[in-house]
Amino acid sequence: MNNLRIILAALSGVAAISSAHAGEVTFQNDLRACAAITAVKISTQVNLVLANTDIKLSKSIGDCRCLSALASYTSSVEVGGVRQILQSGLIGLDIGGARTFVLASDPALVVNRKVQVTFSCAGPL
């Protein structure tokens, strides 16, 4: 496992992280009224680039108009002016705590690039 150095800055629902591999990782948290993403640490395990986080719930994500206790996320980078999706998935938010986001399945996809992660309600089940 290759641990990377992180700088975390929280600005009204947006957290920016710099690391040795990714130029910058930015979280756009559309659920910030209910869930705060904190303690972000980027790591690489085998070929996966991970954002290990702690999510603190201030209230149920149902109060943020989510239809279930699931939140969705999508990581992406811009290449040649075109946004390319790297990974997407679901995170269970019935309780807060440690959560891991898979940002990329190949570290070369994020080297010296700005990674954007959007975090919002999951679609209807």
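Is Cys64 buried or exposed at 18% relative accessibility? Cys64 counts as buried, because its relative accessibility of 18% falls under the 20% limit. The legends below describe close-up views of a predicted model.

**View 1. Disulfide of Cys34 and Cys64 in the predicted model.** The sulfur atoms of Cys34 and Cys64 lie 2.0 Å apart and form a disulfide. The link of these two cysteines is right-handed, with 110° about the S-S bond. Cys34 is in the loop between β4 and β5, and Cys64 is in the loop between β6 and β7, so the pair ties together parts 30 residues apart in sequence. Cys34 has 0% relative accessibility and therefore counts as buried. Cys64, at 18%, also counts as buried.

**View 2. Disulfide of Cys66 and Cys121.** This pair of cysteines, Cys66 and Cys121, has its sulfur atoms 2.0 Å apart. The torsion about the S-S bond is about -80°, so the disulfide of Cys66 and Cys121 is left-handed. Cys66 sits in the loop between β6 and β7, whereas Cys121 belongs to strand β10, so the bond ties together parts that are 55 residues apart in sequence. Cys66 counts as buried at 8% relative accessibility. Cys121 counts as partly exposed at 24%. The structure holds two disulfides. With the bonded cysteines of the protein chain numbered in sequence order, the pairing reads 1-2, 3-4.

**View 3. The largest nonpolar core.** This core has 27 residues. Those with the most contacts inside the core are Phe27, Ile55, Leu93, Phe101, Leu103 and Phe119. Two or more residues each come from β4 (24–29), β5 (35–45), β6 (48–57), β7 (70–79), β8 (82–92), β9 (97–104) and β10 (114–121). Strand β5 gives the most to the core, with four residues.

**View 4. Surroundings of Ser76 in strand β7.** Ser76 counts as buried because its relative accessibility is 6%, under the limit of 20%. The side chains of Ser76 and Arg83 are joined by a polar contact of 3.0 Å. Leaving aside residues up to four places away in sequence, Ser76 touches Arg83, Gln84, Ile85 and Leu86, together with Lys114, Val115 and Gln116.

**View 5. Surroundings of Ser88 in strand β8.** Ser88 counts as exposed because its relative accessibility is 53%, over the limit of 50%. When residues up to four places away in sequence are not counted, Ser88 touches Tyr73 and Thr74. The C-alpha atoms of Ser88 and Leu103 are 8.0 Å apart in space, while the two residues are 15 apart in sequence. Leu103 is one of the residues with the most contacts inside the largest nonpolar core.

**View 6. Confidence along the protein chain, with residues 1–20.** The protein chain averages a pLDDT of 83, and 82% of the residues score at least 70. Over residues 1–20 the pLDDT is below 50. This stretch nevertheless has 56 contacts in the model beyond near neighbours in sequence. Where pLDDT is low, the predicted coordinates should not be read in detail.

Terms used: Residues numbered from 1 in each chain as written. Predicted model: local features only at pLDDT ≥ 70, side-chain atom pairs only at ≥ 80, totals over all residues. Heavy atoms only, no water. Core = buried A, V, L, I, M, F, W, Y, C linked by side-chain atoms within 4.5 Å. Buried < 20%, exposed > 50% of the residue type's maximum accessible area, 1.4 Å probe, protein only. Contact = heavy atoms within 4.5 Å. pLDDT = per-residue confidence, 0-100. Polar contact = N/O pair within 3.5 Å; in protein donor to acceptor, adjacent residues only side chain to side chain. Disulfide = S-S within 2.5 Å.
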